[in-house]
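Let's take a walk through this fold together, going from the overall layout to the packing inside. Have the sequence and the coordinates open as you read.

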Amino acid sequence: MSASSADPSADVEGAPAVDAVDQAVARVEQELGRLFARIRIGWREAAITVHPDLQPLGYQVLTSIASGKATSAGAIIEPLQTDKSAVSRQVRQLEELGLVESIPDPDDRRARRLVATDLARERIAIARARYEGRIGERLREWSAADLDHFVSLLGALGR
């Protein structure tokens, strides 16, 4: 009996048929779409937790600043894949809400650094605790081996 007659989803050499792989890829894309939608909802909820007027992009800008990885508007643009004007608007709003301060850069007096205020750090901690609590509940149902495998697969997909 040939491989193709033994398994109708296999091609002549016994490899999975392209249709089966295409269907699996489509399922992955569908699930990623659902996951990304859930992430966007999480950002919206986190933004509202920080301040009712804050947009999800503003929350992302704020967390970039609070992490210390982005200390200028220019440093925020690339990681968030957004334009300078959008980041500038968000930074201006964050300053107006008392969540970010622009201070002189100690290394270059001509430049300014963006820093999160204590209020911002407190509210980010609350927002993260809520989000991490929800996702943590789901992930704690998985085994450590499944989580390690998931991390590995996500890393490979992100490269």
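The protein chain of this predicted model is built from seven helices and two strands. Following the sequence from start to end, you will meet them in the order α-α-α-α-α-β-β-α-α. Of the chain's 159 residues, 23% count as buried. About 11,000 Å² of the chain is exposed, and carbon and sulfur atoms supply 54% of that area. If you look at contacts with a separation of 6 or more, 43% of them are accounted for by residues 24 or more positions apart.

Now let's go inside. In soluble globular proteins, nonpolar side chains tend to be buried together. Here, the largest nonpolar core has 21 residues, and the members that touch the most others are Val50, Leu54, Tyr59, Leu62, Ile65, Ile76 and Leu94. Two or more residues of this core come from each of helix 2 (18-50), helix 3 (56-66), helix 5 (84-96), strand 2 (108-116) and helix 6 (118-139). Helix 3 gives the largest share, with five residues.

Leu62 is a good place to pause and look around. Which residues is Leu62 in contact with, once its neighbours within four places in sequence are left aside? They are Val50, Leu54, Leu94, Leu99, Val100, Ala116, Ala120 and Ile124. Among these, Val50, Leu54 and Leu94 also belong to the group of core members that touch the most others.

Two of the contacts of Leu62, Ala120 and Ile124, lead us on to helix 6, where they are buried along with Ala127 and Gly136. The buried residues of helix 6 pack against helix 2, helix 3 and strand 2. Helix 6 itself has 22 residues and reaches 30 Å from its first C-alpha to its last, close to the 32 Å expected at 1.5 Å a residue.

Our last stop is an aromatic one: the structure holds one aromatic pair. The ring centres of Trp142 and Phe150 lie 5.2 Å apart and their planes meet at 80°, so this pair is edge-to-face. Are these two residues buried or exposed? Trp142 has a relative accessibility of 38% and therefore counts as partly exposed. Phe150, with a relative accessible area of 30%, is partly exposed too. Both values fall between the 20% under which a residue is buried and the 50% over which it is exposed.

Technical notes
Residues numbered from 1 in each chain as written. Predicted model: local features only at pLDDT ≥ 70, side-chain atom pairs only at ≥ 80, totals over all residues. Heavy atoms only, no water. Core = buried A, V, L, I, M, F, W, Y, C linked by side-chain atoms within 4.5 Å. Buried < 20%, exposed > 50% of the residue type's maximum accessible area, 1.4 Å probe, protein only. Helix = DSSP H or I, 4+ residues; strand = E, 2+ residues; numbered from the N terminus. Contact = heavy atoms within 4.5 Å. Phe/Tyr/Trp six-rings, centres within 6.5 Å; stacked < 30°, edge-to-face > 60°. Expected span 1.5 Å × (residues − 1). Areas by Shrake-Rupley, 256 points an atom, 1.4 Å probe, with all protein chains shown as cover.
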